[in-house]
Amino acid sequence: MLRLKTIDKEEYDNYVRNHQYKSHFLQSLSWGEFAKVKKNLTPHYLGLTTEDNQLVAATLLLEKHLPMNMCYLYAPRGFVIDFNKKELLKTMTKKVVEFAKTRKAIFVKIDPDIIRKSYNYQNEEQKLNYDPEVIFDNIKKAGFKHLGFTKNFETSQPRYSFRINLEQSMEDIENHLSKTTKQRIAKSEKLETEVVIGTKKDIKEFYHLMTLTESRKDFISYNEDYYETLYEIFNGNKNSKATLFIGKINFNKTIKSLEKNLKRIVDQISILPIDNLSKSAKTKLEELRKQKENTQSEINKYKDYAKQYGNEITLSAHMIIEYGDKAWVLYAGNHNILSETYVNYHTYYEHLRYCKSRGLKIYDQFGTIGDLREDNPLFGLHEFKRKFGGDYVEFLGEWDYVINPVMYFVFTKLVPIYRNIIKKRSKKALKEELEKSEEQEKES
């Protein structure tokens, strides 16, 4: 007989981290502890065990407390189980629901990262090594209600993403980058921009760039302490890791690089004969003169930037989460100036190479859209991520197991209104904080 019980945190985390099918940072011990500290959720680390105490499935359930001593339970990207095993899934669901009833839960939510469809960088659909329709049917027969095939970010976690297979060679990965992406990375490297791994002290700069990025997208989500706590918890657990990548430009280095290039152009011009130039030589001379003019213009521009911003400025800061054999680009903040340096592209490229060097298998860009109309405000984000050549994947979506139908109806209708009010208040407060910070920068 199988039994669901609370298990030792270390045993739980080791099982999830090493699971063949369902290892995900949102089911990790680190995420559970973070959710407890910063999201006011109660984590439950549960394992389904045999009579001889062998784990056959597990799940992190996050308990969201509601009025009247009620709650709902959420297994982010869970359960940690082989969803092909219909009877095991039924048993797991039954046991979780029994547990949920003891907590007065209205419903249990899951959104497993099981791929429904996958397309490679050439937009060719790829055959999966399982039948997603069988798994879909297994979840449905276990008693869950599917919430639909959403197209944007309506659900708790993204239903679409781009994933790069890191088991390919780096050469193959680079070959899948779009031509534009390769050019922009090359230009950023030519400008001597630098990407370094940051430390906890860089959280403040990372947060500043996150607020700038979110302001451009007309939303602001978290405060500085949120990111600092996330960084501390994920780096305080041997099974998980959070890494900050800091992309910056040093204007002295950039100017020296451009001046070196200018000298090379001038030297090339000097060796061309002045008289009796062939047609091809005249074309070459004209091209070199344009390069000289453009390079000198670039030098002047970056000298002006140095006067305006100082010798060095951070333009990108990204946070990467590692867990099991995967990495996720969880947060990316970018400055709203000097976009022509393409430091954002360079930063992405460097943490992609870093994850490959770490021996990880999957690099997940953590979220895009399914509504690919060009007038979709999120289409630009999709195109940016697409050009890094990953597989475009669609997950099965969200599912709810309804325990209390009446309260479920109330909750799903009224809570979204309440959340919108809270988000607006948070947005206003954080915008005021950002404006105050900018004013202090100007005064200093």
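This briefing covers the sheets, helices, second largest pocket and some backbone details of one structure. The model is predicted. One open sheet has eight strands, and another open sheet has seven. Helices α8 and α9 lie across strands of the eight-stranded sheet, including β10 and β11, while α3 lies across strands of the seven-stranded sheet, including β1 and β2. The second largest pocket holds about 970 Å³ of space.

**The eight-stranded sheet**

- The strand order in this open sheet is β6-β14-β8-β13-β12-β11-β10-β9, and the pairing is mixed.
- Strands β6 (115–119) and β9 (194–197) stand at the edges with a single partner strand each, so one side of each has no neighbour in the sheet.
- From one strand to the next, the twist averages 30 degrees.
- Strands β8 (residues 160–165) and β13 (residues 362–364) run antiparallel and are joined by three bridges.
- Within this pairing, Ile164 has Tyr363 of β13 as its bridge partner.

**Helices on the eight-stranded sheet**

- Helix α8 (residues 224–235) lies across three strands: β10 (240–250), β11 (312–323) and β12 (326–334).
- The direction of α8 makes an angle of about 125 degrees with β10.
- Helix α9, formed by residues 251–270, lies across β9, β10 and β11.
- The angle between α9 and β10 is about 55 degrees.

**The seven-stranded sheet and its helix**

- This open sheet also has mixed pairing, with the order β1-β2-β3-β4-β5-β15-β7.
- Its edge strands, β1 (3–6) and β7 (145–146), each pair on one side only.
- Strand β2 (residues 42–49) runs antiparallel to β3, and eight bridges join the two.
- Tyr45 stands opposite Leu60, a residue of β3.
- Helix α3 lies across six strands of the sheet, namely β1, β2, β3, β4, β5 (105–110) and β15 (399–402).
- Relative to β3, α3 runs at about 35 degrees.

**The contact of α1 with α2**

- Helix α1 covers residues 9–17 and helix α2 covers residues 29–38; their axes come within 9 Å.
- These axes cross at roughly 125 degrees, and α1 and α2 are therefore oblique to each other.
- On the α1 side the residues are Lys9, Tyr12 and Asp13, which meet Leu29, Glu33 and Lys36 in α2.
- By type, the residues of this contact are two nonpolar and four charged, with no polar ones.

**The second largest pocket**

- The lining of this pocket consists of 32 residues.
- Those closest to the pocket's centre are Tyr21, Ile115, Asn129, Tyr130 and Arg163.
- Strands β6, β8 and β14 (391–395) are the elements that each give two or more residues to the lining.
- Of the elements, β8 gives the most, with three residues.
- The lining divides into 11 nonpolar, 10 polar and 11 charged residues.

**Backbone details in two loops**

- A cis peptide bond runs from Gly78 to Phe79, with omega near 0 degrees.
- Phe79 is in the loop between β4 (70–75) and α3 (86–102).
- Met68 is a residue other than glycine with a positive phi, near 65 degrees.
- The loop that holds Met68 lies between β3 (55–66) and β4.

Key
Residues numbered from 1 in each chain as written. Predicted model: local features only at pLDDT ≥ 70, side-chain atom pairs only at ≥ 80, totals over all residues. Heavy atoms only, no water. Pairing = 2+ DSSP bridges. Helix = DSSP H or I, 4+ residues; strand = E, 2+ residues; numbered from the N terminus. Axes fitted to C-alpha atoms, helices over the stretch in contact; angles between N-to-C directions. Contact = heavy atoms within 4.5 Å. Parallel < 35°, antiparallel > 145°, perpendicular 65-115°, else oblique. Nonpolar A, V, L, I, M, F, W, Y, C, P; charged D, E, K, R; others polar. 1 Å grid on protein atoms, 1.4 Å probe; cavity = no way out; pocket = protein on both sides within 12 Å on 5 of 7 lines; lining within 4 Å. Points joined across faces, edges and corners; volume = space filled by probe spheres on them.
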